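Got a protein model open and no idea where to start? Let's go through it together, one feature at a time.

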Amino acid sequence: AISASDIDHVEFSTNSTVPADAKFQLSVTDVHSLYCTFNAVPAEGVGTYNVMYDLKSVYDQFDSEAALVAEDINLYKQWAQSYQMTFADLLKAVLLTGNAKQLITGICPGKDYKLWAYGLDTEGNQTTSVTAIDFTIPAVKNRISNTIEVTLSENADGVPTATYTPDDTTRYYLSGSVPESATDQEIEDAINSNMSNAIGNYMMQGYSASDAI
């Protein structure tokens, strides 16, 4: 017999009762050309879990579920290093619990995407299989026809600078730069993706502006 007063602490663990093939209920709503909302309902008993999305063409490149999850884990480890956090603390910050509903931005119009979810604990161990669904972002409608004059120069420090002068001062616009070798489609995708992330933050309206490139 051991007196309770002699015990400092007791460590124990519980076995997971969540089946490895537990599924999630996933859906995408409020779909717009530049954003949408994902909804996730985990199977009963699932603790923390991971939700990701990407172009369907990117998702289809993975030849196994293990390869997909390994890439997600690698991405989170890169984030942890970038944010100067431990891997465990990063997972505690990004993993979800219970029913979830979140806005998705940084997507391109007219593209097919994949949304996936799986159980993942804060040590990076996969606890359920992957559930995935397809969703498509509609193409942009009613493109505006106004033009923006762009001139290039150098500032006093020799830094290349672009000046933008819109002909319609009531419209919003977004500026940026891409490599000269970029195709028209790559340029359009970059514009759409940047615009989605910039809504409400960096858009300018109705005045000339200059930006260092």
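What follows is a chat between a learner and a teacher about reading this predicted model.

Q: Let's start with the overview. How many helices and strands does the protein have?
A: Keep in mind that we're looking at a predicted model. The protein has four helices and 11 strands. Of its 213 residues, 29% count as buried.

Q: And what share of the contacts joins residues at least 24 apart in sequence?
A: Take the contacts between residues at least 6 apart in sequence: 68% of them join residues at least 24 apart.

Q: Okay, sheets next. What holds the strands of a sheet together?
A: Strands of a sheet pair through backbone hydrogen bonds, and the pairing can be parallel or antiparallel. Here, one open sheet has three strands in the order β1-β2-β4, with antiparallel pairing. The edge strands are β1 (25-29) and β4, each pairing on one side only. On average, neighbouring strands of this sheet are turned by 20 degrees against each other, ignoring direction.

Q: Can we zoom in on one pair? How many bridges join β1 to β2?
A: Five bridges join β1 to β2 (residues 36-41), and the two run antiparallel. To see one pairing, look for Ser-27, which stands opposite Asn-39 in β2. Then follow the chain to the loop between β1 and β2, where you'll find Asp-30. Asp-30 has a phi near 50 degrees, a positive value in a residue other than glycine.

Q: In what order do the strands of the β3, β5 and β6 sheet come?
A: The order is β3-β5-β6, in an open sheet of three strands with antiparallel pairing. β3 and β6 stand at the edges with a single partner strand each, so one side of each has no neighbour in the sheet. Neighbouring strands here are turned by 20 degrees against each other on average, direction ignored. Between β5 and β6 you can trace six bridges, and Asp-112 stands opposite Thr-136 in β6.

Q: Which helix lies across β3 and β5?
A: That's α2, which runs at about 100 degrees to β3.

Q: What about hairpins? How many residues sit between the strands in the hairpin of β7 and β8?
A: Five residues lie between those strands, and Gly-158 in this hairpin takes a positive phi near 80 degrees. Seven bridges join β7 (residues 148-154) to β8 (residues 160-166), and the strands run antiparallel. One pairing to find is Glu-154 with its bridge partner in β8, Pro-160.

Q: Now single residues. Is Val-51 buried or exposed?
A: The general idea is to look at relative accessible area: under 20% is buried and over 50% is exposed. Val-51 has 14%, so Val-51 is buried. Val-51 lies in strand β3. Setting aside residues up to four places away in sequence, Val-51 touches Phe-38, Ala-40, Tyr-76, Leu-96, Leu-115, Trp-116 and Ala-117. Val-51 and Tyr-118 are 67 residues apart in sequence, yet their C-alpha atoms are 6.9 Å apart in space.

Q: Why does Ser-129 count as buried?
A: Because its relative accessibility is 13%. Ser-129 lies in the loop between β5 (112-119) and β6 (131-136). Beyond its neighbours within four places in sequence, the contacts of Ser-129 include Ala-20, Lys-23, Glu-65 and Tyr-118.

Q: And Gln-84: buried or exposed?
A: Gln-84 is exposed, because its relative accessible area is 75%. You'll find Gln-84 in the loop between α2 and α3 (87-94). Its phi is near 55 degrees, a positive value in a residue other than glycine.

Q: Last one: pockets. How do you find empty space in a model?
A: Rolling a probe the size of a water molecule over the atoms shows where empty space is left. In this protein, the second largest pocket has a volume of about 470 Å³. Of the 22 residues that line this pocket, the closest to its centre are Val-51, Met-52, Tyr-53, Tyr-76 and Trp-79.

Q: Which elements supply the lining of the second largest pocket, and what kinds of residue are in it?
A: β3 (49-55), α1 (56-59), α2 (65-82) and β4 (100-104) each supply at least two residues. The largest share, six residues, comes from α2. By kind, the lining divides into 16 nonpolar, three polar and three charged residues.

Key: Residues numbered from 1 in each chain as written. Predicted model: local features only at pLDDT ≥ 70, side-chain atom pairs only at ≥ 80, totals over all residues. Heavy atoms only, no water. 1 Å grid on protein atoms, 1.4 Å probe; cavity = no way out; pocket = protein on both sides within 12 Å on 5 of 7 lines; lining within 4 Å. Points joined across faces, edges and corners; volume = space filled by probe spheres on them. Nonpolar A, V, L, I, M, F, W, Y, C, P; charged D, E, K, R; others polar. Pairing = 2+ DSSP bridges. Axes fitted to C-alpha atoms, helices over the stretch in contact; angles between N-to-C directions. Buried < 20%, exposed > 50% of the residue type's maximum accessible area, 1.4 Å probe, protein only. Contact = heavy atoms within 4.5 Å.
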